[in-house]
Amino acid sequence: MATKTHNERAWWFVLPVVLLVAFNALVPLMTVVNYSVQESFSQGVWFWSGVDWFEDTLNSSRFQAALGRQLMFTGVILAIEIPLGIAIALTMPKSGPWVPVCLVLMALPLLIPWNVVGAMWNIFALPDIGLLGYTVNALGIDYDYTQQPISAWITVIAMDVWHWTSLVVLLAYAGLASIPDAYYQAAKIDGAGRWAVFRHIELPKMNRVLTIAILLRFMDSFMIYTEPFVLTGGGPGNSTTFLSIDLVKKALGEFDLGPAAAMSLIYFLITLLVSWLFYTLMTRQEEG
Amino acid sequence: MATIGLKNLRHSYMPKPLAPEDYALKEIDLEWQDGGAYALLGPSGCGKSTLLNIISGLVTPSEGRIEFDGHDVTALPPDQRNIAQVFQFPVIYDTMTVYDNLAFPLRNRGVGKAEIDARVREITAMLELDDMLTRRASGLPPDAKQKISMGRGLVRNDVNVIMFDEPLTVIDPHLKWKLRSKLKELHHKVRATMIYVTHDQTEALTFADQVVVMDDGVIVQIGTPVDLFERPAHTFVGHFIGSPGMNVIPCQIENGRAVVDGVPVATENAPGEKSGRMEVGVRPEFVTLAAEGIPARIIRVADTGRHRIVETELSGVKVHAVIGEGASIPEGSAHLAFDPARTRVYADGWLVGGSH
Amino acid sequence: MTLELRNVTKRVGVDMHIHDTSLTLASSGFNILLGATNAGKTTLIKMMAGLERPTSGEIWFNGQNVTGISPQKRNISLVHQFFVNYPSMSVYDNIASPLRVARVGRKEIERRVGEAAELLRLTPYLKRRPAELSGGQQQRTALARAIVKDSGLVLLDEPLANLDYKLREELRDQLPGLFAGRGAIVVYATSEPSEALMLGGHTATVMAGMVTQFGETGTIYRAPQDVATAQVFSDPPINLTKAIKRGGEIDLGTTRLKASGPIATRPDGPYTLGIRPHFVTSAAQSPDAAPISGVVQVTELTGAESIAHFEMGGSIWVAQSPGVHAYAIGEHHEFWVDPAGCIFFDAQGALVAA
């Protein structure tokens, strides 16, 4: 039964939030929508351009390439971070004095600001003076993220995995910790092996937190900007120019407000759509 | 199925137990027959769950052995003991259908497909789950889920014992008696050794042929429901079983007779010599308000619909009497009379002349 | 003091949770809401507390309309089925918390907490945290908090449901004494008829969102005004059967009973007969008792009583006999019906004679 106290005055409490959201989100969004359907040649002179910018953006090979890179990046980091996070969570102790130590160690990378992470890896991976870059080269592997697209990609991905796998670990660990002992005991009695315990108990019980983890990691990685920008600046060439970097280049670097606005709206809609898809798919699986 | 022997079991959760209070189980020595229905009954903290976990292998006893059919299994882990256990909260595999949940323990043991199918269908029919075989187990109500948990134990024909750990905790009150009687019926059909752990006397007495009553890590009585009600071996059993429980009244022993408040009380067992704390035990059903007897003050009368429970007090001790619908109840004070055939003397809690 | 529900209803979406209900509760003795799980007891309690607003109708407390007034602004105590205490506070602070909110002086708090703790036998545990207590002690802490508050309305929503059997018995015996003479209106929700009887006072039987009858507990139990009330107020379930009165006899089809008591003067014809299980027993309880027999399906032992569910004439009957009996399942067994326990209803289910 729903627990609800009816009191019309409660609406007044919500009002400040409504106003805040309006100024914070709706007004800028509407400005963007406004820009996306007009063209400006000089300050203050605007022409109606309809959906031209949207068509241009969608047809531009530059946008398609950036979108492709973006999807690739998000796909790769999800494919690494989610299983890796679960695996680490499974190996963590369930009780005892090591639990807080593990949790603090895991939380450390999450406490470092994005730009610092980018700067750290920027130096860490430099082939001539960086500890990582120097070591890898010393091992005879040709590695230089400032020159080779492959090296740049590996570095960006390694950096993201280092920074964000902890989040998945912590969420998965919370999910695992909530499984009552009776389940493990029953599985032992039923003669279930380690894999069966994971497949039929641990994974289903982690379902909810993993949905949240995937959603958070998707949205965050899809909009990633600071770290790769600080690390590679989108290079070498355009090889690590993700959507957000491209967008900023366009809007601020080239001051193409119309196309940039159209692009950001498309970007926003893609994020929204994919998030919704993820969410409905994962929750439906849970109910069905 | 197997005979289960518990030989001189003691268990403590402390690394170095010294005093008897350090032991959660003090000294357990008993044998359970193959195919019997047993209940472990006692209040929370009495050690019944510890005993259950020792039998299932989740806890290793500090001292003593567990034998299945004469084989020492004390050192074996749970999966090698061939036991089944139903927990307080239903444990089901969310991703599987009802059918797969029941087939799971058989598949893990490499049983053939045709045999699995036959066993699962037989057991689900018994449990009245056969109309939901293809449904996902996660969406079912608690009573159906608990039946699935039971079914996973019942499908296996290699189990030595099926154990139930307060299995009706999450079941709606009006469905409890159905499941309770279903269990009894299942035992009649499959004749497996079953051990049922509970703090609820109705559940224990309804299910079991033999009830083991535990208090503070000690077995205080093993007996049939009739034994426990009619001839409690310990005042704890008398108090714990029955509602309200048995009246326990301090007494003196004078010339080989029990004396309460200066009034001699005839008892079924001979009181013998005074040894320790002496008490008279009589169930409220066998206390009457009479013209003569032990004077008592009437405190309260509660109407249960079928009869009235009169709460009286005699020198600081509360004594309950169950009085029929028609009988009149005096106001203020009354005299209590005890049925001599149902009144017994206890020394330090134990029945005088009992087997203890 | 009175608490009045005036034509109160509660609808959630399209579901009627509470149908048009009017009740006047007084401060003498317990007011018991008796009904099965989901009958609407908790919804009624929440509306009385102001935690839920009725869809229509009004709630009056001491001649004042309190509909829609939030619980914080009214002096109410609520004890839940689950043990709700502040986990980080000691038992003492838990009990003192409502007094601190009400800005009662320190000396006074000490006195009242001490008194309540003594009453509920919590004095040795005052320094402990709730997690270090047993379930019974935790619930006693919650009850102590309700007592110190001296509220005009005390709502107890199945407070004993989650306690061990023996603890429940003990606390149930204590409850009426705890609130006696405090002048508060006490509302107690329960799903167990025996609990309602033991607590006495007044009872409202609730079925499917409707109060079927309200009145003195013993009266409702012995003379329920309709079949629904009799069903709510019977555990094990009351036996219901068709019967025909012919002169001095009641014909059940399977057996005949002597028509004695109030039914003797009623007209001949068909009736619905309700017989509580404890009037169907293994041994005859009165010279007028008539034998019936059936195949035993299920048996239950409660300790002092044995219950048998048996099949007779296509329907299931329940017998409740004193003592411990071993019935053989699947076998024929004879039982005795005591005519003194018969309740007669007419074709519409309304009480004729009890």
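Me: Happy to look at this predicted model with you. Which domains does the domain assignment give for chain C?
Reply: Good place to begin. The domain assignment of chain C splits the chain in two. One piece is domain 1, covering 2-232, and the other is domain 2, covering 239-353.

Me: How many residues of domain 1 of chain C are in contact with domain 2 of chain C?
Reply: The C-alpha centres of these two domains of chain C lie 36 Å apart. On the domain 1 side of the contact, the residues divide into 4 nonpolar, 1 polar and 1 charged. Domain 2 of chain C brings 8 residues to the contact, and domain 1 of chain C brings 6.

Me: What percentage of the residues in chain C is buried?
Reply: A residue counts as buried if 20 or more other C-beta atoms lie within 10 Å of its own. Chain C has 354 residues, and the buried share of them is 46%.

Me: What share of the contacts in chain C with a separation of 6 or more comes from residues 24 or more positions apart?
Reply: Chain C holds 8 helices and 21 strands, and its C-alpha trace spans about 70 × 45 × 35 Å along the principal axes. Of its contacts with a separation of 6 or more, the part due to residues 24 or more positions apart is 66%.

Me: Which element supplies the largest share of the side of chain B that touches chain C?
Reply: Here 29 residues of chain B are in contact with 22 residues of chain C. Elements of chain B that each supply at least two residues to this side include helix H6 (201-207) and strand E17 (294-303). The largest share, 6 residues, comes from H5(B).

Note on methods: Residues are numbered from 1 along each chain as its sequence is written. Chains are lettered from A and ligands numbered from 1 in the order in which they are written. This is a predicted model: local features need pLDDT of at least 70, side-chain atom pairs count only at pLDDT 80 or more; totals for chains, interfaces and linings use all residues. Domain bounds come from an automatic or database domain assignment. Two residues are in contact if their C-beta atoms, placed from the backbone, lie within 7 Å. Ala, Val, Leu, Ile, Met, Phe, Trp, Tyr, Cys and Pro count as nonpolar, Asp, Glu, Lys and Arg as charged, and the others, Gly among them, as polar. Helices (H or I, at least four residues) and strands (E, at least two) are DSSP runs, numbered from the N terminus. A residue is buried if 20 or more other C-beta atoms lie within 10 Å of its own, exposed if 12 or fewer, and partly exposed in between; C-beta atoms are placed from the backbone.
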